[in-house]
Amino acid sequence: MPTTEVQSRREYPPGALSLRCLMQRALAAFALLLAACAAPAGAPAPAPAIPTAARLEPLSATPTPEASPTPWDAPEGRPRYLLDVDIHYSAARLDVRQTLILTNPTGMGLRQLPLVVAARWVDAFELGELRVGGQPWTQYAFSQGVMTIALPEVLAPDAALHLELDYALRLPENPGVLSATRRQIHAANWYPYLPPYLPGRGWLIHPPGLVGEHLSFAPADFEVTLRPDDPGLVLMAPGARQDLDAGARFTLPGARAFAWSAGPAFLWLDAESAGIPVRAYIYPEHAQAGQAALETAAGALALYQELFGPYPHASLTLVEASFPDGLESDAFFFLDQAYFAEYDGTVRNYLTAIAAHETAHQWWYSRVGNDQALEPWLDEALCTFSELLFYERLHPSQVEWWWQFRVDRFNLEGYVDSAIYDLPEFVPYVKAVYLRGARFLNDVRKLTGERALLAALRDYAARHAGGIASAEDFFAILDEHSPADLANLRAYYFKP
Ligand SMILES: [Zn+2]
């Protein structure tokens with residue numbers, strides 16, 4: 001689409017846009033759509049040191065919390081987040097009381113503990129008080145987006161720790177994944193979280209890149225209470241909802257992250273897909289497009305359950321957003337208002353393709369995690385290829401259109417396995433990781449046959465559910481199922 005058309009659809013003056021948004025506008029100008037937005041770029045944060053082994057007395061253990069099991073991950077040892085949020089809507093401010101109950105996952109004694117505080121990248125985070133084991137505690141330091149807490153005593157392997165943080169979030173107005181715009185609050189990457197711990201590698205923490213996402217998450221259990229100062233606010237969040245006198249509480253077990261939104265003017269539409277309730281929250285002027293997005297998500301959910309295995313959550317919620325493109329979270333995703341505004345009554349558009357793409361992230365991000373900074377293709381190429389499967393199965397007459405619109409009209413280059421630090425601009429990043437990634441998987445299918453590829457994807461989803469999978473894991477399973485040698489294809493698409 002012409003650049004002018006793209007620019008005219010945006011409500012925000014260029015000066016109001018973050019670097020990330022500018023990159024994504026450039027992306028949109030090339031009509032290379034891509035969901036899964038990154039947090040704003042910032043100066044790299046050094047990763048905290050990997051904890052050293054130590055032997056001292058464990059802290060008096062807090063009992064491991066009860067949590068509802070999900071079909072795909074045992075709850076034992078999962079962190080538990082209790083988040084109580086006062087929403088001061090017109091002031092664009094959240095006051096948060098957070099309890100984080102965790103067990104030491106490292107197999108070593110821990111002297112210090114890292115929490116990732118992504119809200120610091122947009123200068124939104126103001127810490128009031130930290131309490132460790134119920135006692136006020138000041139032994140912590142921030143380095144960019146990482147808060148390292150020096151623990152009062154060494155935390156033994158598998159011992160539990162009870163942290164409480166009181167903080168305020170002053171939400172930026174610039175449209176982004178953590179922001180308060182004219183239409184709504186977007187709350188993604190908003191609370192301090194415990195990063196995944198990978199045996200042999202340590203804490204999985206990466207600095208932001210200029211493109212893509214750099215955060216990875218381990219499954220946890222969430223209980224989030226949203227208390228708006230305006231009873232007219234529509235609260236939009238994943239999980240089981242319990243309405244309170246003022247506000248609502250949402251319970252989401254076995255999720256990597258918890259994102260939500262709130263705004264004064266939304267309508268909602270409901271569907272059900274293979275027994276899973278699906279809800280879309282839409283701007284009132286976009287009801288028809290909202291129905292289309294809802295139907296796409298519901299259809300994609302049923303299809304991907306059939307192709308990839310069980311959906312990992314009990315419901316799915318999608319929310320129209322006033323930041324570019326979209327963002328996946330667990331049982332939840334944001335989708336750009338521009339796609340709704342441009343909806344043309346057909347399935348030949350980004351609204352449909354990206355709604356299917358974001359739904360696929362419930363398998364390739366939520367069910368199976370990956371290192372989003374170093375191996376972003378593992379979720380993004382799979383989700384782009386999943387779009388193709390959606391069109392092939394549900395709209396077979398539009399498959400040629402999908403290839404042309406989404407992939408073939410672009411001059412593609414770049415390694416599929418590029419890290420977010422390898423490519424300094426968003427367009428080359430999307431071409432390499434998403435679009436060449438989809439071509440790679442399609443070529444794998446040609447070589448192995450669809451039955452073998454889908455069997456491998458189901459196996460990958462099942463074996464790595466709840467974990468952080470690597471390219472090595474993916475190829476090990478693919479090789480088990482593939483009657484063909486994939487070496488030449490890998491040499492063509494991947495780094496030498
Ligand atoms: Zn994506």
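Here is a short chat about a predicted model of a protein and its zinc ion.

Biologist: Let's start broad: how many helices and strands are there in the protein?
Modeller: The chain has 496 residues, and 61% of them are buried. As for its elements, the count comes to 11 helices and 24 strands.

Biologist: Which protein donors does the zinc ion have?
Modeller: Along the chain, the donors follow the spacing H-x3-H-x18-E. They lie 2.0 to 2.1 Å from the zinc ion. By name, they're His357 (NE2), His361 (NE2) and Glu380 (OE).

Biologist: How many residues apart in sequence are the parts that histidine 357 and glutamate 380 tie together?
Modeller: Histidine 357 sits in helix 5 (residues 350–360), while glutamate 380 belongs to helix 6 (residues 377–394). So this pair ties together parts whose separation in sequence is 23 residues.

Biologist: Is glutamate 380 buried or exposed?
Modeller: Buried means under 20% relative accessible area. Glutamate 380 has just 3%, so it counts as buried.

Biologist: On to the rings: are phenylalanine 474 and phenylalanine 475 stacked or edge-to-face?
Modeller: Their ring centres are 5.5 Å apart, and the planes meet at 80 degrees. Planes over 60 degrees apart fall in the edge-to-face class. So this pair is edge-to-face.

Biologist: And which residue lies over the face of phenylalanine 475?
Modeller: Phenylalanine 475 is itself buried, at 4% relative accessible area. At 3.6 Å from its ring centre, the residue lying over the face is arginine 490.

Conventions: Residues are numbered from 1 along each chain as its sequence is written. This is a predicted model: local features need pLDDT of at least 70, side-chain atom pairs count only at pLDDT 80 or more; totals for chains, interfaces and linings use all residues. Side-chain values use heavy atoms; hydrogens and water are left out. Donors are N, O and S atoms within 2.8 Å of the metal (3.2 Å for Na, K and Ca); water is not among the atoms, so sites may look incomplete. Helices (H or I, at least four residues) and strands (E, at least two) are DSSP runs, numbered from the N terminus. Buried means under 20% relative accessible area, exposed over 50%, partly exposed in between (1.4 Å probe, protein chains only). Rings of Phe, Tyr and Trp (its six-membered ring) pair if their centres lie within 6.5 Å; planes under 30 degrees apart count as stacked, over 60 as edge-to-face and the rest as tilted. A charge sits over a ring if NZ of Lys or CZ of Arg is within 6 Å of the ring centre and within 35 degrees of the ring normal.
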